[in-house]
Amino acid sequence: MSQRISRVKHLRKFFFCLLLAVAALDAGAQTRSEIKLYQKTIAKPSVKAYDKFLKKYPSSCYAESIVFSRDSLLFESLDKTDERAVEAYVSDKRAETFADKAQDLLNFLRTSRLSSEEALAAVRQKASPDAAVCAASYRSYGVEYVVGAVLPTGGDRVEFMILRSSDGSWSEVKSFGSEHTTMMNPESSVFVDEASLCSIASASSRYFRFAYVNRGTDGKKVEYVLNLVDLENDNVFSALFYGNNLLKAGECGYRIEGQTTADISGGMVLPEQLYLNAALKENGRLIRISDEDAWTDEAIEWWLDKNPKAMSSAASLSFGVLKEECGIVRKFQKENKESSAGYSAALFDIRGYTVVCAKSGGQYILVWCEKAPQNRKKDRMLNTIYFEKGSTLCLFYYQGRTTFKYRINLSNKSIKR
């Protein structure tokens with residue numbers, strides 16, 4: 001037992017001596033002058049003293065500790081109610097340790113104390129009574145500002161204004177306008193989402209972000225326009241998403257199935273445009289469709305517009321010539337076909353419609369189009385097509401227990417019931 005105790009004591013003594021040796025080696029790695037300056041620096045700490053040490057010994061084993069102490073001293077001495085002082089701190093390269101905290105503090109100082117209702121009320125005071133308005137507020141060096149967008153009824157421009165709070169009232173700092181972004185002649189436009197102030201990582205400006213929806217005369221076609229206004233340079237950037245309105249009767253807001261102009265833009269893309277394009281992709285109420293479906297929708301819309309009385313009194317039809325990229329053509333190529341007199345034709349449902357597509361001489365033609373039946377027991381249902389007498393295509397229908405036919409001559413485009 002006594003031998004075991006003696007062995008343990010010997011091991012403890014060995015490890016103690018080893019630790020002393022390691023410590024001595026570590027201390028020996030620093031020069032006397034470095035150790036002396038370090039002791040002097042921590043004895044009388046100041047930003048100047050810390051910088052002096054780091055300048056002379058940037059690779060010192062004490063450098064990390066000195067940097068933290070210096071940055072702590074800088075942050076503690078900062079007037080956290082002074083926006084200019086915080087701005088200067090954020091731009092100081094010596095403030096890296098507390099950069100995130102300083103940026104959060106700066107964001108807080110620049111955040112308005114106004115409610116969204118107060119900001120809107122300020123803009124409405126300056127806008128015409130029948131105009132649509134949206135607004136957001138921000139704070140700069142202790143002063144409240146409101147930036148607003150105004151859509152006059154029937155106007156083709158969006159007007160912007162920046163207001164400043166002074167002695168309980170609002171004075172206009174500046175105003176300017178921009179073209180109303182649209183690809184159609186909208187019947188109405190309304191602001192949507194909540195306007196806000198934002199920043200872009202690769203740009204130093206402050207931006208006003210807002211959106212509006214343009215609606216066509218029939219309510220089927222809609223456009224969502226997302227905008228950024230550079231408040232320093234008065235530049236306006238927009239991205240547009242256009243397509244079909246998916247909202248049901250009584251629903252509010254917007255839900256659109258379609259495409260965005262960002263998909264067809266080329267060349268160099270600015271940071272603002274990249275921001276807008278990313279925001280459109282992240283918006284779950286904007287549902288992108290393929291080019292095939294987009295061409296299909298366009299072809300169907302064209303046919304219905306050109307043949308409004310096709311199912312009632314029309315004696316002739318307008319056929320639509322289809323692009324090969326169109327989804328109707330792609331589906332036609334996979335369907336079983338009826339053939340006669342140089343024509344082939346197929347019947348199928350696509351995108352909520354029942355269509356008849358024909359091919360002649362390498363050209364694809366949309367011959368017929370109607371809404372697909374919702375209730376196959378009650379609604380009219382185009383059940384079969386077949387050729388009779390050369391180029392005459394027969395459309396055979398069921399409606400309940402009743403049957404009837406339409407005959408379309410593919411050569412002269414006439415229709416008989």
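1. A good place to start is Lys 40, which sits in helix 2 of this predicted model. Lys 40 has a relative accessible area of 57%, so it counts as exposed, the cut-off being over 50%.

2. Lys 40 also has company: together with Lys 36, Lys 44, Lys 48, Lys 52 and Lys 56, it makes up a positive surface patch. At least two residues of this patch come from each of helix 2 (32–43) and helix 3 (47–56). Helix 3 is the biggest contributor, supplying three residues.

3. Helix 3 is worth a closer look. Which of its residues are buried? They are Ala 49, Tyr 50, Phe 53 and Leu 54. These four lie on the same side of helix 3, because the arc they cover around the axis is only 130°. On the face turned away from that buried side you will find exposed lysines: Lys 48, Lys 52, Lys 55 and Lys 56.

4. Now to the backbone, further along the chain. Most residues other than glycine have a negative phi. Ala 341 is not a glycine, yet its phi is positive, at about 50°. Ala 341 belongs to the loop that links strand 12 (338–340) and strand 13 (343–350). With a relative accessible area of 51%, Ala 341 is exposed.

5. Arg 351 deserves a similar glance: this residue, again not a glycine, has a positive phi of about 55°. Its location is the loop between strand 13 and strand 14 (353–360). Is Arg 351 exposed, partly exposed or buried? Its relative accessibility is 27%, so Arg 351 counts as partly exposed; that class runs between the under 20% limit for buried and the over 50% limit for exposed.

Technical notes
Residues are numbered from 1 along each chain as its sequence is written. This is a predicted model: local features need pLDDT of at least 70, side-chain atom pairs count only at pLDDT 80 or more; totals for chains, interfaces and linings use all residues. Side-chain values use heavy atoms; hydrogens and water are left out. Patches are made of residues with over 30% relative accessible area and no salt bridge: like charges are joined within 9 Å, nonpolar side chains (Val, Leu, Ile, Met, Phe, Trp, Tyr) within 5 Å. Accessible areas come from the Shrake-Rupley method with a 1.4 Å probe; for residues, only the protein chains shown count as cover. A salt bridge is a side-chain nitrogen of Lys or Arg within 4 Å of a carboxyl oxygen of Asp or Glu. Lys and Arg count as positive and Asp and Glu as negative; His and the chain ends are not counted. The place of a charge is taken as NZ of Lys, CZ of Arg, CG of Asp or CD of Glu. Buried means under 20% relative accessible area, exposed over 50%, partly exposed in between (1.4 Å probe, protein chains only). The arc is that of the directions from the helix axis to the C-beta atoms.
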